[in-house]
Amino acid sequence: MARSKTSHNWLKEHFNDPYVKMAQKDGYRSRASYKLLELQEKDRLIRPGMSVIDLGAAPGGWSQVTSRLIGGQGRLIASDILEMDSIPDVTFIQGDFTQDEVLAQILEAVGNTEVDLVISDMAPNMSGTPAVDMPKAMFLCELALDLATRVLRPGGDFLIKIFQGEGFDTYLKTVRQKFDKVQMRKPLSSRDRSREQYLLARGFRGE
């Protein structure tokens with residue numbers, strides 16, 4: 001089957017993308033690694049020995065960065081609906097995060113310990129229709145926030161990919177009630193045409 005013009009343009013953009021080339025050279029699994037590296041440079045989110053949950057982890061770009069930064073003394077639990085090749089010292093849970101049984105597996109992996117940081121690069125498959133895409137995206141954000149409030153230690157942090165649109169203002173208000181400081185970030189390595197942003201919430205107030 002011949003490739004559509006849209007897919008041809010995407011492939012051309014992908015292979016001309018400097019961050020794709022950097023990822024190949026630096027040994028990262030995806031260009032998304034540089035988004036987290038940028039945020040780390042600016043906000044110093046991740047420190048050696050931390051306990052972290054990575055949602056929407058596949059193919060593993062954020063998990064690679066996090067694993068290296070927390071070192072052998074840290075703990076990283078990653079989850080995605082897609083398969084992910086193993087990364088040393090990373091506990092990976094494959095499954096649909098919207099399903100209760102997957103949440104239960106994550107909570108079981110956390111155990112009785114508290115988590116320092118929850119990061120989420122999750123996004124639904126986008127149709128290009130905001131009325132369809134935004135509710136799906138916000139649903140994932142709400143589930144991620146629910147998990148974060150269950151597992152974070154007081155003072156812990158939360159980083160999540162989010163799209164502005166219907167439901168965003170209400171979500172932002174809710175996050176501000178639960179954390180001391182909330183900021184929006186748009187890494188340089190985010191594609192210009194992408195509507196994605198990252199919400200960074202610091203200082204979890206505890207439930």
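Me: Leaving aside its neighbours within four places in sequence, which residues is G56 in contact with?
Reply: Keep in mind that we're looking at a predicted model. G56 sits in the loop between β1 and α4. Skipping the neighbours within four places in sequence, its contacts are S79, D80, D121 and M122.

Me: Is G56 buried or exposed?
Reply: Buried means under 20% relative accessible area. G56 has 15% relative accessibility, so it counts as buried.

Me: What distance separates the C-alpha atoms of G56 and S120?
Reply: Along the chain these two are 64 residues apart. In the predicted model, though, the gap between their C-alpha atoms comes out at 6.0 Å.

Me: Where does UniProt place the feature "binding site"?
Reply: This one comes from an unreviewed UniProt entry. One of the positions, W62, is in helix α4. The full list in the record is G60, W62, D80, D96 and D121.

Me: Is W62 buried or exposed?
Reply: W62 touches A32, S33, K35, L36, D54, I119, S120, D121, L159 and Y198, if you don't count residues up to four places away in sequence. Its relative accessible area is 3%, and the cut-off for buried is under 20%. So W62 is buried.

Me: How many residues of helix α4 are buried?
Reply: Helix α4 covers residues 61-70 and is mostly covered. The buried ones are G61, W62, S63, Q64, V65, T66, S67 and I70. Out of ten residues, that gives eight.

Me: Which residue does the UniProt annotation "active site" cover?
Reply: Again, the entry is unreviewed. The residue is found in strand β5, residues 152-163, and at 10% relative accessibility it counts as buried. Not counting residues up to four places away in sequence, it touches S120, D121, M122, A123, C141, E196, Q197 and Y198. The record's pick is K161.

Me: What are the edge strands of the seven-stranded open sheet?
Reply: The strand order is β3-β2-β1-β4-β5-β7-β6, with mixed pairing. An edge strand here pairs on one side only. That picks out β3 (90-94) and β6 (179-185).

Me: In which sense do β6 and β7 pair, parallel or antiparallel?
Reply: Strands of a sheet pair through backbone hydrogen bonds, and the pairing can go either way. Strand β7 takes in residues 196-204, and six bridges link it to β6. F179 stands opposite F204 in β7. The sense of the pairing is antiparallel.

Me: Which strands does helix α3 touch?
Reply: Helix α3, residues 32-43, packs on the sheet. Its direction makes about 40 degrees with that of β7. The strands it touches are β4, β5, β6 and β7.

Me: Which strands does helix α5 lie across?
Reply: Helix α5 takes in residues 100-110 and runs at about 175 degrees to β2. The strands it lies across are β1, β2, β3 and β4.

Me: Why is α6 described as roughly parallel to α7?
Reply: The axes of α6 (residues 130-151) and α7 (residues 168-178) come within 11 Å of each other. They cross at roughly 10 degrees, and angles under 35 degrees count as roughly parallel. So the label for α6 and α7 is roughly parallel.

Me: By class, what residues make the contact of α6 with α7?
Reply: From α6 come M138, C141, E142, L145 and T149, and from α7 come F168, Y171, T174, V175 and K178. Sorted by class, they are six nonpolar, two polar and two charged.

Definitions and conventions. Residues numbered from 1 in each chain as written. Predicted model: local features only at pLDDT ≥ 70, side-chain atom pairs only at ≥ 80, totals over all residues. Heavy atoms only, no water. UniProt positions renumbered as here; feature names shortened; annotations may be inferred. Helix = DSSP H or I, 4+ residues; strand = E, 2+ residues; numbered from the N terminus. Buried < 20%, exposed > 50% of the residue type's maximum accessible area, 1.4 Å probe, protein only. Contact = heavy atoms within 4.5 Å. Pairing = 2+ DSSP bridges. Axes fitted to C-alpha atoms, helices over the stretch in contact; angles between N-to-C directions. Parallel < 35°, antiparallel > 145°, perpendicular 65-115°, else oblique. Nonpolar A, V, L, I, M, F, W, Y, C, P; charged D, E, K, R; others polar.
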